[in-house]
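User: Can you walk me through this one? I'd like to go through it in small steps.

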Amino acid sequence: MNLNKMIDHTNLKQDAVVADIERLCDEARAFDFATVCVNSCWTARAAELLHGTDIGVTTVIGFPLGAMSTAAKVAETEIAVADGATEIDMVLNVGHLKDGDDGIVERDIAAVVKAAGNAGVKVILECCLLTDDEIVRACEASVRAGAAFVKTSTGFSTGGATLEDVRLMRKTVGDRCKVKAAGGIHNRAEALAMVEAGADRLGTSSGIAIAEG
């Protein structure tokens, strides 16, 4: 298992400056991470810096609340892909899910999947706000909509990834899509525990600490 290639090396800070993004990309190259994960204003710069490598660029969409219109998420996705995003991490509409409007949730995801084209879409569920039943429904809607991954958390809400949530997501989706754990993964032991629980990818700003063990 190459743990480094399971890491989306992340900087989603509101006050990140270009030097931070350049450092993130340099670190991703040095440690051969899977992707860098950035806000959309940095997509083009990250893509330029990582051109010619096998390191992708993940761009977050509808971040961090997911409560934007579908049209806004679609437009943001189209721009991100044009700027060089190779993967899209979109935030699910939690309010509609809680209202039982699973059809709206599914159509929202499906529209982003269509806009993303060949860029795989990871759907951020924000598990800390959901019941187990809602996590299952969110996973099922994501699979039906064609998502490549379901993802635990933004890291910006009331909690991050838990082993219990990862296990439930893995059990629900089976081999129909992949699982990304993100939020609060600080060291190698925590990372390995998430992988053992069923995570295929890890989103973390502690990638170097994990890689160095």
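**Rings, charges and a helix**

Analyst: Sure. By the rule used here, the count comes to two aromatic pairs. Keep in mind that this is a predicted model.

User: Take Phe31 and Phe33: what kind of aromatic pair do they form?

Analyst: Their centres are 5.7 Å apart, with 10° between the planes. Planes under 30 degrees apart count as stacked. So with 10° between the planes, the Phe31 and Phe33 pair is stacked.

User: Is Phe33 buried or exposed?

Analyst: Its partner Phe31 has a relative accessible area of 21%, so it is partly exposed. For Phe33 the relative accessible area is 0%. Buried means under 20%, so Phe33 is buried.

User: What about Phe63 and Phe156: how far apart in sequence are the parts that this pair ties together?

Analyst: The two rings are edge-to-face, 5.1 Å centre to centre with 85° between the planes. Phe63 lies in the loop between strand S3 and helix H3, while Phe156 is in the loop between S6 and H7. So the pair ties together parts whose separation in sequence is 93 residues.

User: Which of Phe63 and Phe156 is buried?

Analyst: Phe156 has a relative accessible area of 47%, so it counts as partly exposed. Phe63 has a relative accessible area of 15%, under the 20% cut-off. So the buried one is Phe63.

User: On to charges. What ring does the charged end of Lys122 sit over?

Analyst: Lys122 is in strand S5 and, at 1% relative accessibility, counts as buried. Its charged end is 5.6 Å from the centre of a ring, and that ring belongs to Phe149.

User: Which residue does Lys122 meet in a salt bridge at 2.9 Å, N to O?

Analyst: By the rule used here, the count comes to 20 salt bridges. In this one the partner is in strand S4, 33 residues apart from Lys122. At 0% relative accessibility, that partner counts as buried. The residue is Asp89.

User: Asp89 also forms a salt bridge with Lys180, so how far apart are the closest N and O atoms?

Analyst: Asp89 lies in strand S4 and Lys180 in strand S7, so the pair ties together parts that are 91 residues apart in sequence. Asp89 and Lys180 are both buried. The network of salt bridges that links them also takes in Asp8, Glu87, Lys122, Lys151 and Arg201. Between Asp89 and Lys180, the closest N and O atoms are apart by 2.7 Å.

User: Where does the backbone oxygen that lies 2.9 Å from a polar atom of the Lys73 side chain come from?

Analyst: Lys73 is found in helix H3 and is buried, with a relative accessible area of 0%. Among the residues it touches are Ile61, Asp108 and Val112. The backbone oxygen at 2.9 Å belongs to Gly66.

User: What does helix H6 reach from its first C-alpha to its last?

Analyst: H6 runs over residues 132-144, which makes 13 residues. At 1.5 Å a residue, 18 Å is expected. The model comes close to that, at 19 Å.

User: Which residue of H6 meets Lys98 in a salt bridge?

Analyst: Lys98 is in helix H4 and is 36 residues apart from its partner. The buried residues of H6 pack against helix H4, as well as helix H5, strand S5, strand S6 and helix H7. At 9% relative accessibility the partner counts as buried, whereas Lys98 is partly exposed at 41%. The N to O distance is 2.8 Å, and the partner is Glu134.

Methods:
Residues numbered from 1 in each chain as written. Predicted model: local features only at pLDDT ≥ 70, side-chain atom pairs only at ≥ 80, totals over all residues. Heavy atoms only, no water. Helix = DSSP H or I, 4+ residues; strand = E, 2+ residues; numbered from the N terminus. Expected span 1.5 Å × (residues − 1). Contact = heavy atoms within 4.5 Å. Phe/Tyr/Trp six-rings, centres within 6.5 Å; stacked < 30°, edge-to-face > 60°. Buried < 20%, exposed > 50% of the residue type's maximum accessible area, 1.4 Å probe, protein only. Lys NZ or Arg CZ within 6 Å of the ring centre and 35° of its normal. Polar contact = N/O pair within 3.5 Å; in protein donor to acceptor, adjacent residues only side chain to side chain. Salt bridge = Lys/Arg side-chain N within 4 Å of Asp/Glu carboxyl O. Lists of a residue's contacts leave out its neighbours within four places in sequence.
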